[in-house]
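Let's take a walk through a protein model together, stopping at a few spots along the way. Keep the structure open beside you as you read.

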Amino acid sequence: MVKDLLFPDYIFESSWEVCNKVGGIYTVLSTRAKTLQDALHDRIIFIGPDCWTKKESPYFREDPMLFGEWICHAKKDGINIRVGRWMVPGEPIALLVDFTPYFSQKNEIYGKLWESYQVDSLHAYGDYDEASMFSYAAALVVESFYRFYLDDTKKVVYHGNEWMTGLGLLYINQYVPEIATIFTTHATSIGRSIAGNNKPLYDYLFAYNGDQMSAELNVQSKHSIEKQTAKYVDCFTTVSKITAKECVELLDKPVDVVLPNGFENNFVPKGAAFSRKRKEARKRLLDVANALMGTDLGDDTLIVSTSGRYEFRNKGIDVFIEAMNRLLRDKELHKNVVAFIEVPGWVGEPRKDLMERLASGRKYDTPLEVCEITHWLNNMSHDNVLEMLKYYDMHNYKDDHVKLIFLPCYLTGDDGIINMTYYDVVLGNDICIYPSYYEPWGYTPLESIAFKVPCITTDLSGFGMWANGIKGGYSEIEDGAKVIHRTDYNYSEVADIIKDTVAKYSNMSAAEVKKARQNADKLSKKALWSEFIKYYYEAYDFALRRAEERKKK
């Protein structure tokens, strides 16, 4: 702990992704949990939604012995909680709350929110109601626990992640002002919408009015809760300098502390296990590629990939395909390349013809029909990746030195084709490419370098800006991460730089490749939670001091 900083006796942290793996915030919280658990010893308590009615969460182990008296007390007040452990390193306490009873009170809750904080819930649709009722329930849990066990002699922090926790943060602000509140937006809802609707975000950031744009793009309610939460909490935070600029312009509120996303590298195999797993991953990826395309690509093939959420423009999937198309004709490329797009689409089922070929163990010299995809989609004729491949006539012809394969499913180890987890698959790559247009932080490049796989990304990602900061200039592939300058309008230039970087890497000597891989590993170690947790301690101190001031009034 840093001297002179106020440090909480208890931290409550809520997110839709506690014990609920649906996105990058799960990685943020689950990898940070051990560091906080070591510091607080069961006084860090995570709160998530109990949305596991049909099957048990694989990430949660119930323990009814924890807080037994309070659970009974809360139940009498109509608060239904399951208590247990989050099955991640550190095994912190997790509370899963049933938020469904509050739907019947929804209009009354929204009415009070408007009266107290001018939050516009009139335009709510989609996941707004579900998230808000969870947020409300989580706040009731915090209030109940605080009243039962604690008092104002204890320094208590309530930390909410994303707009989905905003309503609860405002509730605590109003009804339990002794608790210090922290709000982290990992990406502003309006910024993501502007970028996702093909509007130029960065050159016009200074000119956009967040309220006006939220009406135009039909995200008024999400924007409203986010903006008002940022305004009223004790400490407003985000994950990178690039998103901090967004907050100033679109939410009219500067952030108080920037909290970069760290991670733990305990999932990275060591020594002989690393070499074995890398070899296995490469073999599996090449076996799938050869069975699908009727090719005989050997281990000297350059394996590259992109991955993440299926945000075609925001994640740079479009520019990745563009770069691979240009690489097809690049005279500097002296190796075969197989490029994977590992992005979950509207997947139907694994291809039976491909499964049969893989099961046979034989080699084939003829491609399967539609040899660009490993799983059938529910709507093959309306998919951005397949449409772009068709537009460019990229159909993995035999003589093409660059082949592109769409893997449109979550890599959980049981997809029917690859049957390896994402972390096991990443190991097999030579380069990972994430040319994001909108990426507040960027875990995928960080995970890539943790596995000693050099990556290519852009300075429109928080990770890219951070890597440049470590280098003191633009980071290159030799440094472990190539960071490309990206703007609203230089799509074509970015595609060319990716093409040139992959071609360059294909010509690097074994010693140069080894050095780049070592540098990737070294860079990743600078982003461990042991390096980044200090920013959280600053945020706790900032929020607690604000709460202390409030008590004195």
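Before the first stop, you need one cut-off: a residue counts as buried when its relative accessible area is under 20%, as exposed when that area is over 50%, and as partly exposed in between. Bear in mind too that this is a predicted model.

Now find S144, which sits in helix α4. Is S144 buried or exposed? Its relative accessibility is 8%, so S144 counts as buried. Leaving out residues up to four places away in sequence, S144 touches W70, H73, A74 and I79.

Stay with α4 for a moment, since this helix has a partner. Two packed helices are described by the angle between their axes and the distance between the axes. Helix α4 covers residues 128-149 and helix α5 covers residues 166-175; their axes come within 7 Å and cross at roughly 35 degrees. The crossing of α4 and α5 is right-handed. Which residues in α4 and α5 meet? On the α4 side they are S132, S135, Y136, A139, L140, V142, E143 and R147, and on the α5 side G166, L167, G168, Y171, I172 and Y175. Sort the residues of this contact by class and you get eight nonpolar, four polar and two charged.

Next, compare that with another pair. Helix α11 (residues 317-327) packs with helix α17 (residues 491-506) at an angle of about 55 degrees, and the two axes are 8 Å apart. That angle makes α11 oblique to α17. Here α11 passes α17 in a right-handed crossing. From α11, the residues D318, V319, E322, A323, M324, R326 and L327 take part, meeting Y491, S492, V494, A495, D496, I498, K499, V502 and A503 from α17. By class, this contact has 10 nonpolar, one polar and five charged residues.

Why is α11 described as largely enclosed by the rest of the structure? Because 11 of its 11 residues are buried. Reading along the helix, these are I317, D318, V319, F320, I321, E322, A323, M324, N325, R326 and L327. And what does the covering? The list includes α17, along with β10, β11 (337-342), α13 (384-391), β14 (402-407) and β15 (431-434).

One of those covering elements, β10, leads to the next stop. T295 is in the loop between α10 (271-293) and β10 (302-307). With a relative accessible area of 13%, T295 is buried. Its side chain makes a polar contact with the side chain of N290, at 2.8 Å. If you set aside residues up to four places away in sequence, T295 touches A289, N290, Y364 and K403.

Let's move on to I449, found in helix α15 (residues 443-450). I449 has a relative accessible area of 0%, so it is buried. Now look for G480: it is 31 residues from I449 along the chain, and the C-alpha atoms of the two are separated by 6.9 Å. G480 is also one of the residues that I449 touches, together with C455, F463, A520, D521, L523 and S524, again not counting residues up to four places away in sequence.

For a contrast, try C51, in the loop between β2 (44-49) and β3 (60-62). C51 is partly exposed, with a relative accessible area of 33%. C51 and V425 are 374 residues apart along the chain, and their C-alpha atoms are separated by 29 Å.

Last, a look at the backbone. Most residues other than glycine have a negative phi, and most peptide bonds are trans. So where are some exceptions on phi? One is N198, which is not a glycine yet has a positive phi of about 60 degrees. N198 is in the loop between α6 (189-196) and α7 (210-216), and its relative accessibility of 56% means it counts as exposed. V370, also not a glycine, has a positive phi of about 50 degrees. Its loop runs between α12 (352-360) and β13 (375-377), and at 29% relative accessibility V370 counts as partly exposed. Finally, D252 takes a positive phi of about 55 degrees just after α9. In helix α9 itself (residues 241-250), the residues I242, T243, A244, E246, C247 and L250 are buried.

Methods: Residues are numbered from 1 along each chain as its sequence is written. This is a predicted model: local features need pLDDT of at least 70, side-chain atom pairs count only at pLDDT 80 or more; totals for chains, interfaces and linings use all residues. Side-chain values use heavy atoms; hydrogens and water are left out. Helices (H or I, at least four residues) and strands (E, at least two) are DSSP runs, numbered from the N terminus. Buried means under 20% relative accessible area, exposed over 50%, partly exposed in between (1.4 Å probe, protein chains only). A polar contact is a pair of N or O atoms within 3.5 Å; within protein, one must be able to donate a hydrogen and the other to accept it, and residues adjacent in sequence count only if both atoms are side-chain atoms. Contact means heavy atoms within 4.5 Å. Axes are lines fitted to C-alpha atoms, for helices over the stretch in contact, and angles run from 0 to 180 degrees between N-to-C directions. A crossing is left-handed if the near helix is turned anticlockwise from the far one by less than a right angle, and right-handed if clockwise. Ala, Val, Leu, Ile, Met, Phe, Trp, Tyr, Cys and Pro count as nonpolar, Asp, Glu, Lys and Arg as charged, and the others, Gly among them, as polar. Angles under 35 degrees count as roughly parallel, over 145 as roughly antiparallel, 65 to 115 as roughly perpendicular and the rest as oblique.
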